[in-house]
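Here are some notes to read alongside the model. I have gone point by point, so feel free to skip to whichever part interests you.

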Amino acid sequence: MGAQVEVAGLCIAARRASGAEADIVHDVSFSAAAGEVVALIGESGSGKTTTALALLGYARPGCRIRAGRIHVGGTDVRALRPADMPGFRGRRVSYIAQSAAAAFNPAHTLMQQVTEGAIIRGLSPRAAHIKAVGLFHSLALPDPDRIGRRYPHQVSGGQLQRVMAAMALMTDPELVVLDEPTTALDVTTQVEVLRAFRAAVRERGATAVYVSHDLAVVAQMADQIVVLRGGRVQEIGATARILSAPENPYTQSLLDAAPSIHTPPTAAKPPKPAPPVLEADALAASYGGPVGVPVLREIGLRLLPGAVLGVIGESGSGKSTLARVLTGLLPAHGGTVRLSGTVLPPAAADRTADQLRQMQIVFQMADTALNPAHSVGRLLARPLTFYHRMGGAARERRVAELLDMVRLPANLATRRPAELSGGQKQRVNLARALAADPALLICDEVTSALDTVVAAAVLDLLAELRRELGLAMVFISHDLATVRSIADDVMIMYAGRAVQYGSRAALARGPIHPYADLLAASVPELRTGWLDGLPPATEGTSPGAARVVANESCAFFDRCPVRLPGLCDTTPTPTQTLSTGATIRCTQPEAELLRLGSAITSAKATSAQPVT
Amino acid sequence: MLQLIARRLGHTALTLLAMSLAVFIGTNLLPGDVADALLGQAATPEATAALRTALHLNESAPLRYLHWLAGLMTGDFGQSLASHISVAQLIGSRLGNSLLLAGLTAALSIPVSLALGITAAVWRGTLFDRITAIGTIAAVSVPDFLVATVAVILFAVELQWFPALSTPRIASIPELFSSFTLPVLTLSLAVVAQMSRMTRAALVGILDSSYVEMARLKGLRPGRIVLRHALPNAAGPIANAAALSLSSLLGGVIIVEVVFNYPGLAKLMVDAVSTRDMPLIQACAMLFCLGYMVLVLLADICSIATNPRLRPA
């Protein structure tokens, strides 16, 4: 049975480097009835995780629960002595962490870790084992009887996240705290995990506190939403009410910034017909030399000046490898890359300075891409000296111009990256690429690490830069909505191949590749009940990793709802050009694919009409 | 995993080969001629020449190296030039003594430094941690020979608790204590200081990890968190730290054996240098190399064995 949760006037203080204490959670109050799911939503630094951990009576090192009441199922959490903790934390309240990969101990098997909490509380190892296998079954883990023998590094991220849910449910807790449990997962995996979590929590009637930055995910899980910002509660209300009639302007801005596959794309004037700035043909790459593991096969693309090509796929699909191959960081072992008509040497080391200058890459993590010891001014001056031999006043002027271009104040030039916010760092990262004066930007997941509102602003900036500077871009992302909002053409990658390549309009109209359909259907929508309305996974298909194919057959076969056994899995998959101009790699004829109630096409007719 | 260990063994063999070359070249760079040194000033040129031929000193250096290497492989270390006893026999009489000293030191210092390192890491930032930090830095900073000399002056000469000279007598417990307390404590001081610091560093990183936080949130008791969740992941780094500290013992042994006049391998080597007894020096040097390589190899095998990622699935 679930516990009633009551938090009142919670203040959590953190010790700063100077030694002074300052509150990072201010006077937070909320409550949850037994069996209710409450979501804590906010951006990074909003205090949502800190607040959630306080429910377990835990404060991270350097933090201290300073004031307030925390009652869980009649227990005053703050009054618990260390000796009482094992009977409470991990027993009556359990925690599911954001990154299962980091939260599992690499030295022990999954079964050892899942059963540990129950065994130290007196359950026999045998009974604990049986219970764990039962939980693996109910969480739809593959091979539930034996998966416990594996080590954390031997299972995929989505599976690990579900194993962690099993670990949390082993002691039949009254309250489960879920801390961004699906943030690190691909959308298609996220759907499976969300389903499994919700069923498991509902079945047991446990109360749940769900921490997330993603309103669309929260809309599927929560009865009640608490919006946090800067450690303060902005708004509390029932999920449907918050989504439809937010009272707080901050909540409104969160809703506005949430990307959606339904938002009409920003109108950009179509690029003028001109010789393409970037062309790639039959690109192939592998890790460990030409005989190593192939990670990219037969990739071709064409990019006009000022156009944006969106590349989308889940982790391991080869999209970041494509960026590395185009820029020459990982030399291709087959195929050609042409920049403005000239064939480029495969390795960056063999390219001329001017060729390098014209193609610039912007990495996902500004934190690791920017040297923390250098000031912003120095970071931007370096490419100016390297590519343009600029110095003195001219260089200083240009640094100021670049900062202005990315909408940052010029006085930021004296700061170091550590003094900037995540969004500011990504803008500096972008300015560093622009300093080279490139014809082409390769953006690798540049908004993935940013909060929703900040990411939306960076996307706007990219659209502006494209308009003002006529920059062409390869925009790589795992997020279909983001790609659709910015790209003219879209390439969808799966297992190192392009399964669909065509205009954005072709993708929106359909027919589309079954994988593109699955991707589109998996993007959570900002309305309650979306997850319930999803059709169950097709009989016989299994979510998970791509199939390893020796011949040229389909790697998506195991997950495909419209597969043709005996054909798709044995014969080479053909590439066909559709009437929309898009090319897709699929055996099914166009008419058949069109019949597939495509999520994109059906959703276009708004959610008011029932999906047939 | 076996493949990894096999490859690691191969590396060890190659390194030893390279070391043998370095030892050979190094000892041949020593000034002076063995034949001259052996026969003294009264030697006739004929006698010197005859001795040179007998000792293969006229052969070219590469040829002498190959001879020596072939001898090493078959366990023939040659004959001591100074005492005319086989090197193997000389070393055999001392090796046990040295291993005894090193073993006693390891047996004392490993548990002590693990305990110090672990407690300092767990109680990070407390007074205990700071006192340990200051103490270990001080211990690392003081050279072995000073510690040994001061120990002799204080405990042997002034207080007369222990003898100034150490002999390998282990017939009874009091005898063991009286002969080994001073040298073992001197050697342990530096080893404990170094190893406890490295243990602490290895453990501190792991205690900050997400999976240790997860263990706390599962409501596990602190002892279980450290012993079951943190330590297994620190085993590799700690084993490497131990190997490095214990190998520094090889250097420390030389000073300590000389100061306490302990009949060990290092003392033998120092004596061999003063008599310019090449085969003995070379064999001792190779033995020290081998000891070092074995320690590092054991540490690597320990890291491989405790890391499930390196085990076959």
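**Notes on the predicted model**

1. Of the 313 residues in chain B, 34% are buried (20 or more other C-beta atoms within 10 Å of the residue's own, against 12 or fewer for exposed and partly exposed in between, with C-beta atoms placed from the backbone). A word on conventions: this is a predicted model, in which local features need pLDDT of at least 70 and side-chain atom pairs count only at pLDDT 80 or more, while totals for chains, interfaces and linings use all residues. Residues are numbered from 1 along each chain as its sequence is written, and chains are lettered from A and ligands numbered from 1 in the order in which they are written.

2. Chain B has 12 helices and 0 strands (DSSP runs numbered from the N terminus, H or I of at least four residues for helices and E of at least two for strands). Along the sequence this reads α-α-α-α-α-α-α-α-α-α-α-α. Its C-alpha atoms fill a box of roughly 85 × 60 × 35 Å along the principal axes. Taking contacts in chain B between residues at least 6 apart in sequence, 72% join residues at least 24 apart (a contact means C-beta atoms, placed from the backbone, within 7 Å).

3. Where do the two chains meet? Chain B brings 16 residues to the contact and chain A brings 23. On the chain B side, helix 9 (210–217) and helix 10 are the elements giving two or more residues, and helix 9 gives the most, with 5. That side of chain B has 7 nonpolar, 5 polar and 4 charged residues (Ala, Val, Leu, Ile, Met, Phe, Trp, Tyr, Cys and Pro count as nonpolar, Asp, Glu, Lys and Arg as charged, and the others, Gly among them, as polar).

4. The largest nonpolar core has 148 residues, of which A:Leu55, A:Ala166 and A:Val177 touch the most other members (a core is a set of buried Ala, Val, Leu, Ile, Met, Phe, Trp, Tyr and Cys residues joined through C-beta atoms within 7 Å). Helix 10 (residues 222–259) of chain B gives the most to this core, with 15 residues. A second, separate core has 99 residues, including A:Leu408 and A:Val428.

5. Chain A has an open, antiparallel sheet of 4 strands in the order 12-11-14-15 (strands pair if DSSP finds at least two bridges between them). Strand 12 (293–303) and strand 15 (342–343) are the edges, each pairing on one side only. Strands 11 (residues 278–287) and 14 (residues 334–339) of chain A share 5 bridges, and A:Ala284 stands opposite A:Gly334 of strand 14.

6. Helices 13 (residues 376–388) and 14 (residues 392–405) of chain A pack at about 115°, with axes 10 Å apart (axes are lines fitted to C-alpha atoms over the stretch in contact, and angles run from 0 to 180 degrees between N-to-C directions). Among the residues that meet are A:Leu380 and A:Leu384 in helix 13 and A:Val399 and A:Leu402 in helix 14. By class, this contact has 5 nonpolar, 2 polar and 2 charged residues.

7. Lastly, have a look at helix 19 (residues 514–522) of chain A: 8 of its 9 residues are buried, so this helix is largely enclosed by the rest of the structure. The buried residues include A:Tyr515, A:Asp517 and A:Leu518.

Note on methods. Two residues are in contact if their C-beta atoms, placed from the backbone, lie within 7 Å.
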